[in-house]
Amino acid sequence: MANRIKGITVEIGGDTTKLTTGLDKALKGVQSTLRTTQSSLRDVNRMLKLDPSSTELLTQKQRLLKDAIGTTKEKLDALKQAQVQAREQLENGTLGQDRYDALQREIIETESELDDENELSENEKVSLEEIKIIAQLLEAGVKDPDVAIYVWKFFIDKGLSEYAVAGIMGNVFQESNFDPSSKNGGYYGLFQLGGGREKKLIEAKDKWIDYAYQCDYTWKEYTGDYKDGWGNNRLLIEDHVLVGTRENFENAKSATEAALIWGISYERALDLEKKTIINGNTVYLYLQEKEVRVQKAEELYAILAGKEF
């Protein structure tokens with residue numbers, strides 16, 4: 001900064017002094033604070049690469065970004081005050097055009113730095129509540145909390161109940177653990193589509209790996225003519241039979257119920273080999289010890305239900 005605006009004289013607090021000494025003195029504390037903040041940000045970013053889920057580091061990053069924005073604004077205000085006097089000097093011939101232009105460039109650069117900081121702050125904006133949720137999802141074993149939060153928001157925004165969405169989430173956890181690039185034999189993506197259902201998905205080539213695309217694809221399938229999925233399968237749970245219709249799924253009374261209905265009639269991924277006959281209907285036996293999807297549906301419901309993102 002000093003070389004660019006060297007030789008410009010402005011009045012600060014009633015004292016006439018050169019910008020390289022006068023305004024530089026006024027900005028000395030600002031510049032020092034800004035350098036310290038930027039150094040701390042670099043250190044935090046380096047440590048986040050090692051531990052991206054650290055709530056302490058994420059909190060520090062937000063605070064440092066806020067501090068950097070405030071300090072850069074203070075610097076910009078001081079430069080613009082100097083600009084007013086420099087323009088007067090240019091008009092009365094006591095300041096050369098080259099010096100005035102140099103000051104203008106310094107202002108433009110500082111404005112650009114402020115824009116960058118604001119954009120970065122907006123992109124990194126995560127509430128402390130969201131940081132807590134991310135930490136809880138990681139503790140629950142979720143591979144990618146950002147994907148999990150997106151899946152939750154996507155289906156909530158489509159109008160499904162929190163129980164229903166938690167049921168989907170439990171199934172996604174067991175099928176792919178929120179890894180959109182997951183491939184297991186002929187099964188693909190978050191929802192492990194296969195048996196012919198994956199063909200249209202992977203026709204999108206590289207696009208199919210995108211989790212937003214997969215959610216949209218699954219929603220279209222769910223609301224469309226996917227007849228093979230909703231087989232209205234029946235599942236014996238303790239002393240009652242759970243019928244896996246879409247209506248029952250959407251009106252599920254718990255995350256467990258929703259996870260089981262999605263599993264038996266959409267995913268068709270539960271162990272449906274052991275069965276019996278009740279009132280003339282084939283009823284499958286629920287083997288609870290094999291179903292992580294139920295445990296995770298309840299766990300993720302406890303973390304995400306009632307939260308705003």
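**Entry 1: N177 and its surroundings**

I began with N177, which touches G141, V142, K143 and V172 when residues up to four places away in sequence are not counted. The model I am reading is a predicted one. I located N177 in the loop between α6 and β3 (183-184). I then looked up where its side chain points, and found that the side chain of N177 reaches the backbone nitrogen of K143 at 3.2 Å.

I next checked the backbone of this loop. Most residues other than glycine have a negative phi. N177 has a positive value instead, with phi near 50°. F178 also lies in the loop between α6 and β3. For F178 I noted a positive phi of about 60°, although this residue is not a glycine.

**Entry 2: α6 against α5**

From the loop I turned back to helix α6. Two packed helices are described by the angle between their axes and the distance between the axes, and I looked up both. The axes of α5 (residues 145-157) and α6 (residues 162-176) come within 9 Å and cross at roughly 140°. An angle over 145 degrees would count as roughly antiparallel; α5 and α6 are therefore oblique to each other. I recorded the crossing of α5 and α6 as right-handed.

Which residues of α5 and α6 meet? On the α5 side I listed A148, V151, W152, F155 and I156, and on the α6 side E162, V165, A166, I168 and M169. By class, the residues of this contact divide into 9 nonpolar, no polar and 1 charged.

**Entry 3: α6 against α11**

I repeated the reading for α6 and helix α11 (residues 292-304), whose axes come within 7 Å and cross at roughly 130°. That angle makes α6 oblique to α11. The crossing of α6 and α11 is right-handed.

From α6, the residues in contact are E162, Y163, A166, G167, M169, G170, N171, F173, Q174 and E175. They meet V292, R293, K296, A297, L300, Y301 and L304 in α11. I noted that the residues of the contact of α6 with α11 divide into 9 nonpolar, 4 polar and 4 charged. E162, A166 and M169 of α6 appear in the contact with α5 and in the contact with α11.

**Entry 4: the sheet of four strands**

I then followed an open sheet of 4 strands, in the order β6-β5-β8-β7 and with mixed pairing. Which strands stand at the edges? They are β6 (240-243) and β7 (275-278); each has a single partner strand, so one side of each is left without a neighbour in the sheet. Neighbouring strands of this sheet are turned by 40° against each other on average, direction ignored.

At the β6 edge, I found β5 and β6 paired in the antiparallel sense over 4 bridges. H240 in β6 is the bridge partner of I237. The hairpin of β5 and β6 has 2 residues between the strands, and in this hairpin E238 takes a positive phi near 55°.

At the β7 edge, β7 runs antiparallel to β8 (residues 281-285), and 4 bridges join them. Here I278 stands opposite N281 in β8.

**Entry 5: a helix on the sheet**

Lastly I looked up what lies across β5 and β6. Helix α10 (residues 255-266) lies across β5 (234-237) and β6, and runs at about 60° to β6.

Key:
Residues numbered from 1 in each chain as written. Predicted model: local features only at pLDDT ≥ 70, side-chain atom pairs only at ≥ 80, totals over all residues. Heavy atoms only, no water. Axes fitted to C-alpha atoms, helices over the stretch in contact; angles between N-to-C directions. Parallel < 35°, antiparallel > 145°, perpendicular 65-115°, else oblique. Left-handed = near helix turned anticlockwise from the far one by under 90°. Contact = heavy atoms within 4.5 Å. Nonpolar A, V, L, I, M, F, W, Y, C, P; charged D, E, K, R; others polar. Pairing = 2+ DSSP bridges. Polar contact = N/O pair within 3.5 Å; in protein donor to acceptor, adjacent residues only side chain to side chain.
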